[in-house]
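Colleague: Got a minute to walk me through this one? I'd like to go over the helices and a couple of loop residues.

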Amino acid sequence: MTHVLILGGTAEARDLAAHLEAKGVPLTSSLAGRVSRPRLPVGPVRVGGFGGVEGLADWLREHAVTAVVDATHPFAATMGTHAAQACSSLGVPLLRLARPGWAEHPDAADWTWVEDHGGARAAADEVGGVPFVTTGRQTLHHHLDAWAERPVVVRLVEPPERPLPEAWTVLRSRGPFDVAGEEALMREHGVSVLLTKDSGGSYTEAKLDAARHLGVPVVVVARPPRAGGVDEARDAEAAASWVERSLAQTS
């Protein structure tokens with residue numbers, strides 16, 4: 001019996017689900033449930049956490065999972081660690097499907113790379129002016145106190161988890177974005193520095209090109225480390241091939 005669990009919530013996860021569904025591979029996609037109206041993949045979907053490593057291991061046993069693909073966001077390090085530990089304990093093959101980051105972007109050497117959001121705020125303080133924060137609503141607490149009186153532009157998919165300062169401008173939208181639109185946004189709001197994280201992919205890459213065109217400095221939070229010893233794929237097609245090989249070896 002075959003059953004693949006895709007830890008999803010990303011475009012790559014949806015692409016993989018479509019690849020496997022087309023091949024008739026039984027699968028379940030799991031979403032964290034942090035977005036109220038997520039883009040859903042094809043096939044069965046579960047929403048919500050597992051309850052840590054033990055909860056995930058229990059779910060894998062109960063549903064006779066034969067392979068797991070961790071296609072979560074590059075910054076979902078906790079889920080990646082839990083997946084590595086649970087799969088190792090059960091001997092279930094695990095693949096990390098990780099979209100390439102922006103380190104290979106032509107402008108990457110010109111950006112300021114930092115290890116955390118505190119470092120990003122410090123780098124933005126050196127520039128001054130109006131920061132454009134695109135690192136997600138769960139990172140805003142790093143800036144609230146320090147920038148309570150400062151004009152800040154924030155772009156979010158979901159509403160903020162707590163009230164934000166009156167001086168802040170909140171933009172609610174979801175990618176993909178285009179360069180012309182990003183340039184117009186930055187001009188309109190007088191953006192002086194862009195804060196982002198190394199999410200990678202094309203959905204939000206346009207802001208990086210827009211920043212170059214406008215001469216806006218870019219501060220990038222580097223990806224957190226992932227569990228070692230896990231196979232990796234860079235796209236859904238490669239991940240689907242890995243799944244087929246893994247299932248063939250365990251059949």
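**Helix packing and loops**

Modeller: Let's start with α2 and α3, which are oblique to each other (angles under 35 degrees count as roughly parallel, over 145 as roughly antiparallel, 65 to 115 as roughly perpendicular and the rest as oblique). Bear in mind that this is a predicted model, where local features need pLDDT of at least 70, side-chain atom pairs count only at pLDDT 80 or more, and totals for chains, interfaces and linings use all residues. Residues are numbered from 1 along each chain as its sequence is written, and side-chain values use heavy atoms, with hydrogens and water left out.

Colleague: At what angle do the axes of α2 and α3 cross, and how close do they come?

Modeller: They cross at roughly 50° and come within 9 Å. The axes are lines fitted to C-alpha atoms, for helices over the stretch in contact, and angles run from 0 to 180 degrees between N-to-C directions. Helices here are DSSP runs of H or I with at least four residues, strands are runs of E with at least two, and both are numbered from the N terminus.

Colleague: Is the crossing of α2 and α3 left-handed or right-handed?

Modeller: Right-handed; the near helix is turned clockwise from the far one by less than a right angle, whereas anticlockwise would be left-handed. The contact (heavy atoms within 4.5 Å) involves residues including L56 and L60 of α2 and H82 and A86 of α3.

Colleague: Switching to α4, which residues are buried there?

Modeller: H117, A120, A123 and A124. Buried means under 20% relative accessible area, exposed over 50%, and partly exposed in between, with a 1.4 Å probe and protein chains only.

Colleague: Why do they line one face?

Modeller: Seen down the axis of α4, the buried residues fall within an arc of 115°, so they line one face of the helix. That arc is taken from the directions from the helix axis to the C-beta atoms. As background, an α-helix has 3.6 residues a turn, so residues three or four places apart point the same way.

Colleague: What covers them?

Modeller: The cover includes β6, β10 and β11.

Colleague: And what happens at the two ends of α4?

Modeller: At the start, a side-chain oxygen of D116 reaches to within 3.3 Å of the backbone nitrogen of G118. After the helix comes G128, with a positive phi near 80°.

Colleague: What about α5, which residues are buried and which are exposed on the face turned away?

Modeller: E182, E183, L185 and M186 are buried, while A180, R187 and E188 are exposed on the face turned away from the buried side. The buried residues of α5 pack against β7, β8, β9, β10 and α6.

Colleague: How do the axes of α5 and α6 cross?

Modeller: At roughly 55°, coming within 8 Å. That makes α5 oblique to α6, and this crossing is right-handed.

Colleague: New topic: where is R150, and is it buried or exposed?

Modeller: R150 sits in the loop between β7 and β8, and at 14% relative accessibility it counts as buried. A polar atom of the R150 side chain lies 2.9 Å from the backbone oxygen of G129. Among the residues that R150 touches, not counting those up to four places away in sequence, are A124, P131 and W168.

Colleague: Last one, what is phi of A64?

Modeller: Near 50°, a positive value in a residue other than glycine. A64 is in the loop between α2 and β4, and is partly exposed, with a relative accessible area of 34%.

Conventions. A polar contact is a pair of N or O atoms within 3.5 Å; within protein, one must be able to donate a hydrogen and the other to accept it, and residues adjacent in sequence count only if both atoms are side-chain atoms.
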